[in-house]
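Visitor: Got a minute to go through this one with me? I'll throw short questions at you and hop between topics.

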Amino acid sequence: MKQKIKSISKESKIRPRKHLGQNFLIDHGILGIIADAAELTKDDVVLEIGAGTGILTETLEKEAGHVIAVEIDERLVSVLHRRFSQYSNVEVVKGDFLQLNLTELMASSTLISEKSKVVANLPYYITTPIILRLFSHAKLFERLVVLLQREVAERIVAVPGSKRYGAFSVVAQYYSDPEIITVVPPGAFWPQPKVDSAVVRMLIRETPRVNTLDEEMFFAVVRGGFAKRRKTILRALSMAGKTYPELASVKEDDLKRILAEVGVDSKRRAETITLGEFGQIADAIVLERSES
Ligand code: SAM
């Protein structure tokens, strides 16, 4: 398979571009694991971000009903056009995924399937912004099955009190039920990345894990709390008003009272606080504001 990828690259005079995160998958076994985790059927529409030379696209084409393959690198877009021009169920889209209008991109697919699946070997340098973007359009998707750095995968599934638990864990678990399917060693790619990778499946929840009065406030409390990780939740939130306007008018004394009301010790740090507790803090701030 490495030979196949290399020969596709060579034929098209393509050298992998490091700055575009071009680590091509060369391990057949991993393709199978990704496809199994996606549980594809011919009724599925799949969005692939960073289709590269089309190695995963080929599997998706066989198992799904329709594939939208996005790729930023013109040289690879040409390869994809050549490889898939015969297939009416593969749509190659040239562009920077972070700049594309996602609602427009997926508009025609909702005619085929109510919700789509994202299946991708992501470009590592923009993994987090891509996932955040997908979550901000969570209603469009049923699941995300992505290959990404192991460290990011561990952040996605991290629980309170663990080293990797942070704002990104809370956001991921707010929108989805995440699971690490397998760890993937550098040897599964050409060229090899420096770190381990992992396949993660995130099943998008019908309703977010926490029922909040105001989502903006919830995320402000989460981000504000983690912005000063080493400080207590009380100090971190007191200082967060400068960055998060939602928290601008909340004074330290009010916060102290609110934390006591919801039963969160003000000396705790964000890294020990559960999604439910973040939700309670955010709701109490909203209620306090509406009363004043
Ligand atoms: N899917 C292929 C595979 O599994 O071998 C390639 C995966 S490679 C890790 C990531 C791909 O994302 C590269 O082909 C790269 O050119 C593409 N890419 C990088 N930045 C992108 C962006 N902003 N939008 C769309 N594709 C991007």
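Visitor: Is Arg-205 buried, partly exposed or exposed?
Guide: Arg-205 counts as partly exposed, because its relative accessibility is 25%. Here buried means under 20% relative accessible area, exposed means over 50%, and partly exposed is in between (1.4 Å probe, protein chains only).

Visitor: Before I go on, what's the small print?
Guide: This is a predicted model, where local features need pLDDT of at least 70 and side-chain atom pairs count only at pLDDT 80 or more, while totals for chains, interfaces and linings use all residues. Residues are numbered from 1 along each chain as its sequence is written, and side-chain values use heavy atoms, with hydrogens and water left out.

Visitor: Back to Arg-205, what does its side chain meet in a salt bridge?
Guide: Asp-177, at 2.8 Å from N to O. The cut-off for a salt bridge is a side-chain nitrogen of Lys or Arg within 4 Å of a carboxyl oxygen of Asp or Glu.

Visitor: Where do those two sit in the chain?
Guide: Asp-177 is in strand 7 (residues 176-184), and Arg-205 is in the loop between strand 9 (197-204) and helix 9 (215-227), so the pair links distant parts of the chain, 28 residues apart. Helices (H or I, at least four residues) and strands (E, at least two) are DSSP runs, numbered from the N terminus. Asp-177 is partly exposed too, at 34% relative accessible area.

Visitor: How many salt bridges does the structure hold?
Guide: 23. One of them pairs Arg-235 with Glu-252, with the closest N and O atoms 3.1 Å apart. Arg-235 lies in helix 10 (residues 233-239) and Glu-252 in helix 11 (residues 252-261), so that pair ties together parts that are 17 residues apart in sequence. Arg-235 is partly exposed at 35% relative accessibility, and Glu-252 is partly exposed at 33%.

Visitor: What about Asp-254, which residue does it form a salt bridge with?
Guide: Arg-257, with the closest N and O atoms 3.1 Å apart. The two are separated by about one helical turn, because they are three residues apart in helix 11.

Visitor: Which residues are joined into one network by salt bridges that share partners?
Guide: Arg-150, Glu-151, Glu-154, Arg-155, Arg-164 and Asp-196.

Visitor: Switching topic, what does the domain assignment give?
Guide: Domain 1 (2-204) and domain 2 (215-291); the bounds come from an automatic or database domain assignment. Their C-alpha centres lie 35 Å apart.

Visitor: And how many residues are in contact between them?
Guide: Twelve residues of domain 1 are in contact (heavy atoms within 4.5 Å) with 14 residues of domain 2.

Visitor: What area is buried there?
Guide: About 1,000 Å², with carbon and sulfur atoms giving 67%. That is the accessible area (1.4 Å probe) that the two parts lose on being put together, summed over both. Tyr-165, Val-170 and Tyr-174 supply 48% of the area that domain 1 buries against domain 2, more than any other three residues.

Visitor: How many salt bridges go across that interface?
Guide: Zero by the rule. There are four residue pairs in polar contact between the domains, both residues at pLDDT 80 or more. A polar contact is a pair of N or O atoms within 3.5 Å; within protein, one must be able to donate a hydrogen and the other to accept it, and residues adjacent in sequence count only if both atoms are side-chain atoms.

Visitor: Which element gives the most to domain 1's side?
Guide: Helix 8 (residues 167-175), with six residues.

Visitor: Val-170 came up, so what does it touch?
Guide: Leaving out residues up to four places away in sequence, Val-170 touches Tyr-165, Phe-218, Val-222, Phe-226, Leu-275 and Phe-278. Val-170 is found in helix 8 and counts as buried, at 0% relative accessibility.

Visitor: Last one, where does Glu-39 lie?
Guide: In the loop between helix 2 (28-38) and strand 2 (45-49). Glu-39 has a positive phi of about 45° although it is not a glycine. A polar contact of 2.8 Å joins the side chains of Glu-39 and Arg-143, and their C-alpha atoms are separated by 10.0 Å, with their positions 104 residues apart along the chain.
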